Amino acid sequence: MFTTDNLPSQEVYINAFASLLDLFTEEDKQILAFHYSRPQYRMTSQDLRDEMNYVAIAVANRRYGEIAKKLAKRLNFDTRYPEYKRPDRWKVLATRDTSGRNATWILRPQVIAALEYHKLVDTKSILANQVEDVDIHEAIFSAVEGKSQLILHLQRERNHAIVAYKKQTAESLACEICGFLFADVYGEAAQSYCEVHHLLPLSKINGQQKTELTDLMIVCANCHRIIHLKNPPYSPDEIRKMLGKVQ
């Protein structure tokens with residue numbers, strides 16, 4: 001049995017969604033697509049109530065739970081609190097942030113991947129609603145090959161599933177180079193914002209390579225842009241030296 005401490009893999013989620021495609025109602029699919037479309041994949045019960053024109057927050061909670069129940073049953077996912085034995089089925093779909101005014105569901109990376117894989121969401125139109133984790137200016141290099149490699153590198157840094165998982169599992173969203181934390185300066189609006197940098201330059205990869213969480217680094221916008229001022233990028237230690245972080 002799967003639990004929040006023993007999560008199914010992305011592949012297992014994709015297979016579970018495949019078996020549920022005919023069981024999901026159009027309303028189910030609309031709810032999942034709406035959650036996917038939210039900035040940083042974050043949605044409150046109030047957001048869902050307003051989007052679906054439900055009469056009360058309780059209806060939004062119930063409908064979200066019904067979708068989660070279908071998936072939890074297919075995954076054999078235990079969604080109960082051990083101490084209370086109370087079902088919290090939403091945990092199969094999302095994690096929860098209770099630091100703000102309203103509790104927020106954050107879509108799990110495995111669910112993001114499954115929705116995209118089965119084309120239950122329009123990734124091209126959704127991108128406009130997402131706050132990008134990288135927005136590096138288009139650098140100009142004398143070699144076309146170098147420019148192509150940079151573009152591929154940045155595309156890899158925009159892999160929504162792996163970036164979302166990195167952020168969800170990180171102990172802190174403070175920049176690992178300079179220590180800047182967006183929430184400290186901008187408050188609740190930037191509570192879950194950071195950028196993510198891929199440590200291994202594309203030029204050093206031969207063929208396909210699976211990205212691990214250890215290949216990614218939490219960075220602030222300033223450090224990220226300085227990293228990409230040249231190709232291949234500056235290393236984190238080189239940026240720290242610029243900032244006087246390394247003696």
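Let's start with R240 and D237. Their side chains form a salt bridge, with the closest N and O atoms 2.7 Å apart. Both residues sit in helix α11, which covers residues 236-243. They are three residues apart there, so about one helical turn separates them. In general, residues three or four places apart in an α-helix point the same way, because the helix has 3.6 residues a turn. Now the exposure. R240 counts as buried, at 19% relative accessibility. The cut-off for buried is under 20%. D237 counts as partly exposed, at 44%.

A word on the source: this is a predicted model.

How many salt bridges does the count come to? Eleven. Let me take two more of them.

Next pair: R63 and D28. Their side chains meet in a salt bridge, at 2.6 Å from N to O. R63 lies in helix α4, and D28 lies in helix α2, residues 26-37. The two are 35 residues apart in sequence, so the pair ties together distant parts of the chain. Are these two residues buried or exposed? R63 is buried, with a relative accessible area of 10%. D28 is buried as well, at 1%.

This pair also has company. R63 and D28 belong to a network of salt bridges. The other members are E27, R62, E66 and K70.

The third pair is R225 and E195. They form a salt bridge too, and here the closest N and O atoms are 3.2 Å apart. This pair links a helix and a strand. R225 is in helix α10, residues 221-227. E195 is in strand β4, residues 195-198. Along the chain they are 30 residues apart. R225 is partly exposed, at 24% relative accessibility. E195 is buried, with a relative accessible area of 2%.

On to the nonpolar core. In soluble globular proteins, nonpolar side chains tend to be buried together. Here the largest nonpolar core has 37 residues. Which of them touch the most other members? They are F17, L48, Y64, L71, V92, L93 and L115. Several elements supply at least two residues each. Four of the suppliers are the helices α1 (10-20), α2, α3 (45-52) and α4. Strand β3 (104-107) and helix α5 (109-117) are on that list as well. Which element gives the largest share? That is α4, with eight residues. Recall that α4 also holds R63, from the bridge to D28.

Now look at α5 by itself. Seven of its nine residues are buried, so this helix is largely enclosed by the rest of the structure. The buried ones are P109, Q110, V111, I112, A113, A114 and L115. L115 came up a moment ago, among the core residues with the most contacts to other members.

What follows α5? K119 does, and its phi is positive, near 55 degrees. That deserves a remark. Most residues other than glycine have a negative phi.

Two more residues go against that trend. N53 is not a glycine, yet its phi is positive, at about 60 degrees. N53 is in the loop between α3 and α4. It counts as exposed, at 66% relative accessibility. N76 also has a positive phi, near 55 degrees, and it is a residue other than glycine. N76 is in the loop between α4 and β2. It is partly exposed, with a relative accessible area of 41%.

Back to helix α2 for a moment. F34 is in this helix. F34 is buried, at 12% relative accessibility. Take its position relative to D47: the two are 13 residues apart along the chain, and their C-alpha atoms are separated by 9.3 Å.

Last stop: the surface. Which residues form a positive patch there? K69, K73, R74 and R89 do. Helix α4 spans 57-75, and R89 is in the loop between α4 and β2 (94-97). N76 is in that loop too. R89 counts as partly exposed, at 31% relative accessibility. A patch residue needs over 30% and no salt bridge.

To recap, α4 is a good place to begin browsing. It supplies eight core residues. R63 in α4 bridges to D28 in α2. And the loop after it, between α4 and β2, carries both N76 and R89. Thank you.

How values were computed
Residues numbered from 1 in each chain as written. Predicted model: local features only at pLDDT ≥ 70, side-chain atom pairs only at ≥ 80, totals over all residues. Heavy atoms only, no water. Patch = residues over 30% accessible without salt bridge, like charges linked within 9 Å, V, L, I, M, F, W, Y side chains within 5 Å. Areas by Shrake-Rupley, 256 points an atom, 1.4 Å probe, with all protein chains shown as cover. Salt bridge = Lys/Arg side-chain N within 4 Å of Asp/Glu carboxyl O. Lys, Arg positive; Asp, Glu negative; His and termini not counted. Charge placed at Lys NZ, Arg CZ, Asp CG, Glu CD. Buried < 20%, exposed > 50% of the residue type's maximum accessible area, 1.4 Å probe, protein only. Core = buried A, V, L, I, M, F, W, Y, C linked by side-chain atoms within 4.5 Å.
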